[in-house]
Amino acid sequence: MQRADIQNMIIRSALLPVLLIVWQLPSSAQQLYFPPPQANSSWDTEDPAALGWCTDQLPPLLTFLEDSNTKAFIVLKDGKIVIEEYFGTFTADSNWYWASAGKSLTAFLVGLAQQDGSLAIDDPTSQYLGTGWTSLAPAEEDAITIWHQLTMTSGLDDGVPNPNCTDPSCLQYLVDPGTRWAYHNAPYTLLDSVLSNATGQALNTYLFTKLTLTTGLTGLYLPLGDNNIFFSRARAMARFGLLMQGEGTWDSTPVLTDMAYYDAMITPSQSLNEAYGYLWWLNGQASYQLPGIQFEIPGPMMQDAPSDAYNALGANGQIINISPSTGLVVVRMGELPGTDFVPNFYNNDIWQYLNAVICAPAGMEGRDTPSVLLMHPNPTSEQVELRTDGVEIREVLLTGSDGRRYVVALNGGWVDVSGLAAGLYHLEAHLVDGTLRKGRLVVQR
């Protein structure tokens, strides 16, 4: 079966139905608002009360964000700022890293380069990096294309001692490209060199000419160890989310006009991990894989987020959510404890609180603050910390995918799972007040 056939088959598959009040609201039919393209320009706002939102639920959301080391949080509705909060010493003028959320920005730049005719994503990567950029045999190396880099299917071994290392000695053959999905930073990082060599411009220069001048998206890719990491202000993240929400057009200015590429970015790119497009994470799929694991987890990545949301996700909780059906762009910057590459469970926690804020305009009075169970880190291999809004946990039960149940010891809010096999577990926290909190925990080895 050809790659295009697989992609079309996945796109036609039905998304999981998820029943959330926020998604039952009418889709946004309003024309998107865009701020002026100058980075420091004014940005129109919208009062959440005027939208019929439950503003009494804002304090629990903001408390949760502050308690989880958030630095900046922005919510756009149809392009206008509805919520914008900064915490601690962080301000609207502060810069922060995007971590792996920057991968989604790189994917957009690759699309622009293909649109310009500088490259084609089916081109062999060797065409732009030269021969010997890996330790593979020439025929094996030539089989890796830019498409494989965009979809995390290069076939290179992500189990080497340093999966971030881009030296040829670190890039070793494991399987044929296109036959295995693995979240491997090194092949992604080399897209920066592909872009520079293809366009004849330094990466930051290309970004400035293509995006900063048209959208006001300012920031810089900076080397950090073996990686190139994008740094910017929070509003730059929001601008990128709004550009994606506008389907590659900024106000009346077309930026990415290759709609086939745009659509491919935010739809399943292969059948190995249906929740992955071109360096974008996709909600609402039947299953998903996470970095460092080689098994599928059933269900959507974020069960409390809109099923049509596509997401840029990075370590320590760098997040851009775009939901066309609700007209929302949600941005979070911060320093979530732990080293999760893809904070999908934390992102789901945000949506639980945000759903309480975005209430139905009538007939839904009396909605309570959501009963949230926070688990971090998730996935984990040793321990996981449980938080339940200050209510003491009496007992913790885990149920594996095989149906076996485990009672696990709780020590100061921490649960030891080092003795459990890798897999997906349904966690139940029984609280002393008689309530029950549930969540999904991924144990990896």
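**Exercise 1. Is Phe295 buried, partly exposed or exposed?**

Before starting, note that this is a predicted model, in which local features need pLDDT of at least 70, side-chain atom pairs count only at pLDDT 80 or more, and totals for chains, interfaces and linings use all residues. Residues are numbered from 1 along each chain as its sequence is written, and side-chain values use heavy atoms, with hydrogens and water left out.

Solution.
- Step 1: recall the cut-offs. Buried means under 20% relative accessible area, exposed means over 50%, and partly exposed lies in between (1.4 Å probe, protein chains only).
- Step 2: apply them. Phe295 has a relative accessible area of 22%, so Phe295 is partly exposed.
- Step 3: place the residue. Phe295 sits in the loop between strand S9 (287-288) and strand S10 (297-298). Helices (H or I, at least four residues) and strands (E, at least two) are DSSP runs, numbered from the N terminus.
- Step 4: list its company. With neighbours within four places in sequence set aside, Phe295 is in contact (heavy atoms within 4.5 Å) with Tyr288, Gln289, Ala422, Gly423, Leu424, Val442 and Val443.
- Step 5: add a distance. Asn273 is 22 residues from Phe295 along the chain, and their C-alpha atoms are separated by 9.5 Å.

**Exercise 2. Set out the surroundings of strand S13 (residues 328-334).**

Solution.
- Step 1: check burial. Seven of the seven residues of S13 are buried, so the strand is largely enclosed by the rest of the structure.
- Step 2: sort the side chains. In a regular strand the side chains alternate between the two faces of the sheet. Here Leu328, Val330, Arg332 and Gly334 point one way from S13, while Val329, Val331 and Met333 point the other way.
- Step 3: find one partner. Strand S1 (residues 70-77) pairs with S13 in the antiparallel sense over seven bridges, and Ala72 stands opposite Met333. Two strands pair if DSSP finds at least two bridges between them.
- Step 4: find another. Strand S12 (residues 318-323) runs antiparallel to S13 and is joined to it by five bridges; Ile319 has Arg332 as its bridge partner.
- Step 5: inspect the turn. S12 and S13 form a hairpin with four residues between them, and Gly327 in the turn has a positive phi of about 70 degrees.

**Exercise 3. Work out the order of the open sheet that holds S3, S5 and S4.**

Solution.
- Step 1: pair S4 with S5. Strand S4 (residues 220-224) and strand S5 (residues 227-232) are antiparallel over five bridges, and Pro223 has Asn228 as its bridge partner in S5.
- Step 2: look at their hairpin. Two residues lie between the strands, and Gly225 takes a positive phi near 65 degrees.
- Step 3: pair S3 with S5. These strands are antiparallel over two bridges, and Trp96 stands opposite Ser232 in S5.
- Step 4: assemble. The open sheet of three strands has the order S3-S5-S4, with antiparallel pairing. Strand S3 (96-97) and S4 are the edge strands, each pairing on one side only.
- Step 5: pick out a residue. Asn227 belongs to S5 and counts as buried at 15% relative accessibility. Not counting residues up to four places away in sequence, Asn227 touches Asn164, Asn185, Thr189 and Leu222.

**Exercise 4. Describe how H3 packs with H12, and how H4 packs with H10.**

Solution.
- Step 1: take H3 and H12. The axes of helix H3 (residues 58-67) and helix H12 (residues 344-357) come within 8 Å and cross at roughly 160 degrees. Axes are lines fitted to C-alpha atoms, for helices over the stretch in contact, and angles run from 0 to 180 degrees between N-to-C directions.
- Step 2: name the angle. H3 and H12 are therefore roughly antiparallel. Angles under 35 degrees count as roughly parallel, over 145 as roughly antiparallel, 65 to 115 as roughly perpendicular and the rest as oblique.
- Step 3: name the residues. Leu58, Pro60, Leu61, Phe64 and Leu65 of H3 meet Tyr346, Asp349, Ile350, Tyr353, Leu354 and Val357 of H12.
- Step 4: turn to H4 and H10. The axes of helix H4 (residues 102-116) and helix H10 (residues 234-245) come within 12 Å and cross at roughly 50 degrees, which makes H4 oblique to H10.
- Step 5: name these residues too. Ser104, Leu105 and Phe108 in H4 meet Phe240, Leu243 and Met244 in H10.
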